[in-house]
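Student: Could you take me through one part of this model up close? I'd like the part around the main nonpolar core, with the contacts and charged pairs that go with it.

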Amino acid sequence: MRLTLDPQGVRVLVVDDEAYITDLIATGLRFVGFEVDTAADGREALAKVAATRPDLVVLDITMPHMDGLEVVERLRRDGVTTPVVFLTARDAPVDRVKGLHLGADDYITKPFSLDELLARIEAILRRVSPSANGRGEMTVGDLVLDQQGRLVRRGGQRVDMSRTEFNVLEFLMMNVGRVVSKQQILEHVWQYDFGGESTVVETYISYLRKKLDPLGPPMIHTMRGVGYVLRNPAED
C-alpha cells in the first residue's frame, strides 16, 4: 500500500504477547517509514506509552497480566487520548462494542491484512491530525483524490464533482476498508444531524456511484443496517 501521508516522525507502539505478530507488524510499519516501539503485555504497554508518547497504539486484547481492554480503560481514565487500534482474535459484536465504548478508535480481527492495518492507521491519523495531509493526494486502486486541487480521477480520467460529492468521497477514502455509518458521514460532511429518516446520504452515495462505477468495478458498497464502505476492487 502507498501511504498518502508522511510517516516520518510518527511513532507507533505495537503491543501483542505473540512475538511473531509483533515482529510482523513492526517490520511492516518500519518499512513504510513509521518509528515503532513494541511491548509484550499490558503493563509494559502502559510504561511504554508514558515513556515514548506514541502517536498511535496497535493493541492486542488477550494478553497476560493486563488485557488490552484494561489498558485502554486506564489510558482514558488518566486523560491519555492517544488513538488505539485493537488487533484481536475476538470477533463477536459484543467485544467490538465494548472495545469501542471504552475508547478504542478501531478494531481489526485476526487473521488480518497488513495493507488493511496500514489503511486503518492512516485514516485514524488523518482524523486526529488533519494537517497531516502529505502530498494532499489520496489513492485507492485507480481512484485518485487531490485534496489541494479538489480534483478526482479514476483510471486516469477526470471525474467532475460538486463540493458535497467531493467531501463525501474524501471521507470514504479516509476510511478505506472501514464501514462508516450514515450518522458519521452526516457529522463529517454537513456538521449536524439531518434526522434519522433523512435520505441525503443515500442520495449522494448514489451520485458518486453513477460517476465512478462506469469507469471500473464498484468501489462503494452498502452494508445494510450499518453504513457504507469504500474498498479497492483489486483486494476484494
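Tutor: Here is a walk through that core, followed by the pairs around it and a word on confidence.

Keep in mind that this is a predicted model. The largest nonpolar core has 30 residues, and L169, L172, I185 and L230 are the ones with the most contacts inside it. Six elements each put in at least two residues: strands β6 (137–140) and β7 (143–146), helices α6 (163–174), α7 (182–190) and α8, and strand β11 (227–230). Helix α6 gives the largest share, seven residues.

L169 is a good place to zoom in. Setting aside neighbours within four places in sequence, L169 is in contact with L143, L145, V152, M161, L208, L212 and L230. A separate core lies apart from this one; it has 21 residues, including I21, I108, F112 and L118.

Now for the charged side chains, starting with helix α6 again. E165 makes a salt bridge with K211, with the closest N and O atoms 2.7 Å apart. That pair links distant parts of the chain, since E165 sits in helix α6 and K211 in helix α8, 46 residues apart. The two ends differ in exposure: E165 counts as buried because its relative accessibility is 6%, while K211, at 30%, counts as partly exposed.

Just past α6 there's another one to look at. R178 and D106 meet through their side chains in a salt bridge, 3.8 Å from N to O. R178 is in the loop between α6 and α7 and D106 is in strand β5, so this pair ties together parts that are 72 residues apart in sequence. R178 is buried, with a relative accessible area of 15%, and D106 also counts as buried, at 5% relative accessibility. If you want to go through the rest, a search of the whole structure finds 13 salt bridges.

Strand β5 also brings in an aromatic pair. The whole structure has two aromatic pairs by the search. In one of them, F86 and Y107 are edge-to-face, 6.2 Å centre to centre with 75° between the planes. This pair links distant parts of the chain too, with F86 in strand β4 (residues 84–88) and Y107 in strand β5 (residues 106–109), 21 residues apart. F86 counts as buried at 0% relative accessibility, and so does Y107 at 4%.

The other pair takes us back to α8. Y204 and Y207 have ring centres 5.2 Å apart and planes at 80°, so they are edge-to-face as well. They're three residues apart in helix α8 (residues 200–212), which means about one helical turn separates them. Y207 counts as partly exposed, at 35% relative accessibility.

Last, how far to trust all this. The protein averages a pLDDT of 84, and 86% of the residues score at least 70. Confidence is highest in strand β1 (residues 11–15), at 96, and lowest in helix α4 (residues 93–102), at a mean of 69. Residues 130–135 have a pLDDT below 50, yet beyond near neighbours in sequence this stretch has twelve contacts in the model. Residues 192–197 are below 50 too, and that stretch has seven contacts beyond near neighbours in sequence. Where pLDDT is low, the predicted coordinates shouldn't be read in detail.

Note on methods: Residues numbered from 1 in each chain as written. Heavy atoms only, no water. Phe/Tyr/Trp six-rings, centres within 6.5 Å; stacked < 30°, edge-to-face > 60°. Helix = DSSP H or I, 4+ residues; strand = E, 2+ residues; numbered from the N terminus. Buried < 20%, exposed > 50% of the residue type's maximum accessible area, 1.4 Å probe, protein only. pLDDT = per-residue confidence, 0-100. Contact = heavy atoms within 4.5 Å. Core = buried A, V, L, I, M, F, W, Y, C linked by side-chain atoms within 4.5 Å. Salt bridge = Lys/Arg side-chain N within 4 Å of Asp/Glu carboxyl O.
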